[in-house]
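Visitor: Could you take me through this structure and justify each term as you use it?
Guide: Gladly; please have the sequence and the model open.

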Amino acid sequence: MTELYIDGSILEYEDTEGDSTIGECIDSINADLFKHKRLIFKIIVDGEEAKKTDSQEFKATHIRDHKVIDFTTITLAEITLNGINVCKDIILYITKGIATITENLRAGADAEAFRLFHPLFDSLNELVATITAVDTNIEHFNEVLFKSSPSKLCDQLVKHLGEILKSRDAGDTILVADLLEYEVSPLIEELERLLLNASSTDETP
Amino acid sequence: MNEIFLANIKALEKRDSSLAKTIKESAVSGIDIELTKSGQKTFKYNGAYFHSSYDPLKEADRQALDVADKGWDFPMFFGLGLAYLITAYIKNTGGQLIVYEPSNELLRLAFESVDLTDILKNEEVFITNDLWMVGSIIKARALPIDTVGIYTTPPYRKNFSDEFDSYTHAVTNAQGVNRGNLQTEVASNEIWFENFLKNMPHMVKLPPLDILSDNFKGIPLVIVGAGPSLDKNIHLLKKIKGKALIIAALTAYKPLVEIGLYPDFVIAMEKIDISEYFTDTDEDKEIRLLLGDLSHPSMFTDRKVKNTFVYFSSFLGKDAKLNALMGNTFQPIAGGSVTTVALDIGRYLACDPIIFIGQDHAYGKGGSHVKGSVYGEQSMQLNKDGLVTLGVSYPGYDEPIVQDHAIRWLKGIDGERVMSRFDWVNFHQWIVDYMKYHNDSGSSIRMINSTQGGAYIDGMVHMPLSETIERYIDTIDRRESIEDILCRVEGSFSPCDIGPVIDELKEILAGYKLVLKLSNASNKRISRILKRCEKGANMTQSQKDLTAFVKDETRLLEVLDSVYFLKTLAAKAAYDLQRHIKEDVASSNAQDQLVKDMGATRKKNQCLIELCRHFVDLFVELIKELDDQQPREV
């Protein structure tokens, strides 16, 4: 029978039919953890950390197919703080990246600027994903963290990223620089303010 | 037409009616003005914004700061757009600037959309769509020591990249001409004037070019250069000998002799002895020399030729009286090479058509000059760092002379670019300028470039020599051959009266002596002032001397201006003083600044003293020699 652990302790469970899935197991554990404001943070399956633990494919895997599944949990407060700190670091990188790219674009150094696009976009996507995850977790526990919802800002950000790519493909470097400076930068500043406020108040769960 | 447009055009017409006409005749198609988020205007061209659609004023301020930070003396802007950058630059920095707009459509758009009247009234700002005008303004207004910088915005660079390349070449070449002219002047002035004075005893006996006028009207002139393509069509000249006046550059003389052709004139104005260009055989007796007054004296003394005519250069600043006394009123405009001089001579003589051959202004496959010229065997190698290494065999040298030259590019006669170098670009630029002047003047003289390679010359008709001959020379039916005309003219010449020439030279000598006296006096005063400063006197205590010093210098400059050729001789001194004024970092202490400025002025005066001493001696010698030539009453 598959061994299940939670934070290093063995977990007693029943799988009489032998058809319980990892997803069902996760849901059950999360339900128990809810009142303690904890959630599953990491899942190690047969000695390897599982990626994409939210995916249907992973969740549909049967427990019986594995030897050992180890769940590590974290408090909401810890994961929220982690997420905020990661976002702050990403924002620092994004701010520098935007400044460099706009400077290059306005100077006509397009190749230099567009070389930095990929990493910038990756960082922006990571920022959106991380903030969304933090916000989702907070909502899940019916807590309030941010003064206003970051998801609206993230939606606007994603929209502008689309416009930037379109302008880049059209060769309109002036518009790309303008969108970065006048649309994306203010949104990033706003997100940073939300995160700073969230991490400095007693609102953090 | 809207009111903005009308006001702009009215302002432009006062300065450049030709550009105003072009703009009025242009149209805007498919470009819409949009309002920016800040309430200004912008537009898209080829799908991209030319100015920020958020805040073009902020954008322009940044760009203007960027330009100002570069510290250029003479910024050149490529692209007017809606004039945000120019306006910001003028507001923050000011000074003179040239704006070149490559698109007549965008010019029209700007004139329709934004109030440009202040810019158009600003006499330090030039807006043009003409590359020739860009070059002319640089040559007229930029000092050789000025840094000329080109600035453009990314949309202009992207959308007008070919035009930007042409613009960059035009600017580089024009400032190159400026610097080249100064370098030539500084290096050559003294030698040229020395040559002139030493040649005078011969020139007073020889026929001036002027006596040829009225004798060659409507007769074709072929000007032969020694460019690498000459061997492709040189053989055709034998067909036209006697029918067309043939003036060959000295470097083309030997290649012509090799095919058995003696040009009517070999034109030369080398300031050094170049006997190796001649055959030193009886063949030289078949030609006439057309010598510049500044040529090396050996050209007048050592060459055994049929005859020598003299042309007087405009370079010497024209003491019209002295030249007139020697029978000269016409001085051809020099363009740095004898073939450019020959071009102006041809126009003066009203030859028609005037035909260039061997005027490549570019390297050929094998080198810089035609085979058979004095340059012997040539080798050429392109280097990665934008240089060409040229090796030439030259008489008197055991090993080839090897030199590196920076590559410059010109448009070729076939439309592809050709490799050129700094001095040829200068000559080419001069001819293009000349052609513009010639064509604008409405002259009916046809100018044809029959060079079979090399650079395209804007303003000239380009035609193979065989076709030129067929159209313009074969059809000539004239009794008198070129040789007949020249013999007739020579027969009617009598040398000038030397007495008045001597009197004029004595007056000029007096001017040099006066400058010598004033320079010495000024330097003595400077020494007194500096000694006082060393002893601790302040500026107030030295005020009397300073006032007298200013008076001395003012008087010196007035006299200098009036003395024949002396100001040009002193070009280096003037340049050094200019550089001191431009580059010297101003001291915070007035006394220290005074010492520095006095030092620079003293140096300038010392240069004048040395020049005057040297040329006073030469004048004295010349006057004595001419006096000895005068017939004496028995």
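What follows is a conversation on the contacts between the chains, the sheets and some chosen pairs.

Guide: This is a predicted model, in which local features need pLDDT of at least 70 and side-chain atom pairs count only at pLDDT 80 or more, while totals for chains, interfaces and linings use all residues. Residues are numbered from 1 along each chain as its sequence is written, chains are lettered from A and ligands numbered from 1 in the order in which they are written, and side-chain values use heavy atoms, with hydrogens and water left out.

Visitor: What makes residues of chain A and chain B count as being in contact, and how many are there?
Guide: Contact means heavy atoms within 4.5 Å, and 15 residues of chain A are in contact with 16 residues of chain B. The two chains bury about 1,200 Å² between them, with 50% of it on carbon and sulfur atoms; buried area is the accessible area (1.4 Å probe) that two parts lose on being put together, summed over both. In chain A, Arg106(A), Ile174(A) and Tyr182(A) lose the most area to chain B, together 43% of what that side buries.

Visitor: Why is the pair of Arg106(A) and Glu59(B) called a salt bridge?
Guide: The term requires a side-chain nitrogen of Lys or Arg within 4 Å of a carboxyl oxygen of Asp or Glu; the closest N and O atoms of Arg106(A) and Glu59(B) are 4.0 Å apart, and the pair is therefore counted as a salt bridge. Between chain A and chain B the count is 4 salt bridges.

Visitor: Which elements of chain A give two or more residues to the side that touches chain B?
Guide: They are helix 3 (76-106) and helix 7 (173-200) of chain A, where helices are DSSP runs of H or I with at least four residues, strands are DSSP runs of E with at least two, and both are numbered from the N terminus. Helix 7 of chain A gives the most, with 8 residues.

Visitor: How do you know that Arg108(B) and Glu112(B) form a salt bridge, and why are they about one helical turn apart?
Guide: Their N to O distance is 2.8 Å, so the pair satisfies the same cut-off. The separation is about one helical turn because Arg108(B) and Glu112(B) are 4 residues apart in helix 5 (residues 104-113) of chain B.

Visitor: How do you know that strand 10 and strand 11 of chain B pair?
Guide: Two strands pair if DSSP finds at least two bridges between them; 4 bridges join strand 10 (residues 265-268) to strand 11 (residues 288-292) of chain B, so these parallel strands pair. Val266(B) has Leu289(B) as its bridge partner in strand 11 of chain B. Both strands belong to an open sheet of 8 strands, in the order 12-11-10-9-8-13-19-20 (chain B), with parallel pairing.

Visitor: What makes strand 12 and strand 20 of chain B edge strands?
Guide: Strand 12 (307-311) and strand 20 (461-462) of chain B each pair on one side only.

Visitor: Which strands make up the open sheet of 4 strands in chain B?
Guide: Their order is 6-5-4-7, and the pairing is parallel. Within this sheet, 3 bridges join strand 4 (residues 74-78) to strand 5 (residues 97-100) of chain B, and Phe77(B) stands opposite Val99(B).

Visitor: What do strand 14 and strand 15 of chain B form?
Guide: They form a hairpin with 4 residues between them, and Gly386(B) in the turn has a positive phi of about 75°. The two strands run antiparallel and are joined by 5 bridges.
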